[in-house]
Amino acid sequence: MRNKLLHKPFTKNNKFAFSIIEIIIAIFIFSMWIVSIYAVITSTLKLNDYNKNYIIASSLASEQIEFVRNIRDSNYKQIKKYNLINPLSTDYNNKFDIDKKYKIENNYSTLANFPIKVENITSWFEEGKEKINWTSMQSYRLCLDSKNRYTYDCSSWNKKTNFYKYISIEKFTNSNWNIQNAFIVRSKVIWTIWGYKEFEVKTIIADFKRL
């Protein structure tokens, strides 16, 4: 009798209980696998998006620097001061000023006398993820026109992007270099895809004819 009790055969209820436990374990393992795959896919998409947007942001920032260099070189060609905003203008007071921010872009208007448009940013704002005022930032948000060209014109017929860009003019000071006719251009691009990101590049714009 004792041996019979020790070796009691499985009943249908025993088999059913084990089947339920096996199914739950299988579902749990499958769920963990799905979550892991989803995390990998999401991480890959974020990385791909970041790399793509980083390239766009770096190109936009570099383009702004080249705009300012183009303006300086055009001033030389017109035999004018290196820091005038529009080399073809007769307004010699309209120049890049220290501690000011500007919007700068291609000027596609047929009425434009110079192919680069520069506009002073009058709205004050603090920089950085925690301090930035998104309401004031809308004035230098980038949009795409009908020809897929970046523009600050975000009117209803242009497509809004998540990129914002501007330049800052800063005073150049260096104890090792005796350069008076120069300033620093800080070109910044911000984008808001998968969170707050920014790209910044600086360069010195100097009146090398007077160095």
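The following questions and answers walk through a predicted model of a single chain.

Visitor: How many helices and strands are there in the chain, and in what pattern do they follow along the sequence?
Guide: Read along the sequence of this predicted model, the elements follow the pattern α-α-β-β-α-β-β-β-β-β. The count for the chain is three helices and seven strands.

Visitor: Is Tyr-150 buried, exposed or partly exposed?
Guide: Tyr-150 lies in strand β4, which covers residues 150-151. Buried means under 20% relative accessible area and exposed means over 50%. Because the relative accessibility of Tyr-150 is 29%, the residue counts as partly exposed.

Visitor: Which residue in strand β5 is in contact with Tyr-150, and is that residue buried or exposed?
Guide: Leaving aside neighbours within four places in sequence, the contacts of Tyr-150 include Ile-56, Leu-60, Tyr-108 and Thr-161. Strand β5, residues 159-171, is where Thr-161 is found, and the contacts of Thr-161 in turn include Leu-142, Cys-143, Leu-144 and Tyr-150. With a relative accessibility of 11%, the residue asked for counts as buried, and it is Thr-161.

Visitor: Which backbone nitrogen does the side chain of Thr-161 reach, and at what distance?
Guide: Thr-161 belongs to strand β5. Its side chain reaches the backbone nitrogen of Phe-163, and the distance is 3.2 Å.

Visitor: Are the rings of Tyr-50 and Trp-191 stacked, edge-to-face or tilted?
Guide: A search of the whole structure finds eight aromatic pairs. For Tyr-50 and Trp-191 the ring centres are 6.2 Å apart and the planes stand at 40°, so the pair is tilted.

Visitor: How many residues apart are Tyr-50 and Trp-191, and which of the two is buried?
Guide: The pair links distant parts of the chain, with Tyr-50 in helix α2 and Trp-191 in strand β6, 141 residues apart. Tyr-50 has a relative accessibility of 35% and therefore counts as partly exposed. At a relative accessible area of 1%, the buried partner is Trp-191.

Visitor: What angle lies between the planes of Tyr-82 and Phe-183, and where are these residues?
Guide: Tyr-82 is in the loop between α2 and β1, whereas Phe-183 is in strand β6, 101 residues apart. Tyr-82 is buried, with a relative accessible area of 8%, and Phe-183 is buried as well, at 2%. Their rings form a stacked pair, 5.7 Å centre to centre, and the angle between the planes is 25°.

Visitor: What is the area of the nonpolar surface patch that Trp-33 helps to make?
Guide: Trp-33 sits in helix α2, residues 12-77. The patch is made by Phe-30, Trp-33, Ile-34, Ile-37, Ile-41, Leu-45 and Trp-194, and its area is about 720 Å².

Definitions and conventions:
Residues are numbered from 1 along each chain as its sequence is written. This is a predicted model: local features need pLDDT of at least 70, side-chain atom pairs count only at pLDDT 80 or more; totals for chains, interfaces and linings use all residues. Side-chain values use heavy atoms; hydrogens and water are left out. Helices (H or I, at least four residues) and strands (E, at least two) are DSSP runs, numbered from the N terminus. Buried means under 20% relative accessible area, exposed over 50%, partly exposed in between (1.4 Å probe, protein chains only). Contact means heavy atoms within 4.5 Å. A polar contact is a pair of N or O atoms within 3.5 Å; within protein, one must be able to donate a hydrogen and the other to accept it, and residues adjacent in sequence count only if both atoms are side-chain atoms. Patches are made of residues with over 30% relative accessible area and no salt bridge: like charges are joined within 9 Å, nonpolar side chains (Val, Leu, Ile, Met, Phe, Trp, Tyr) within 5 Å. Accessible areas come from the Shrake-Rupley method with a 1.4 Å probe; for residues, only the protein chains shown count as cover. A salt bridge is a side-chain nitrogen of Lys or Arg within 4 Å of a carboxyl oxygen of Asp or Glu. Rings of Phe, Tyr and Trp (its six-membered ring) pair if their centres lie within 6.5 Å; planes under 30 degrees apart count as stacked, over 60 as edge-to-face and the rest as tilted.
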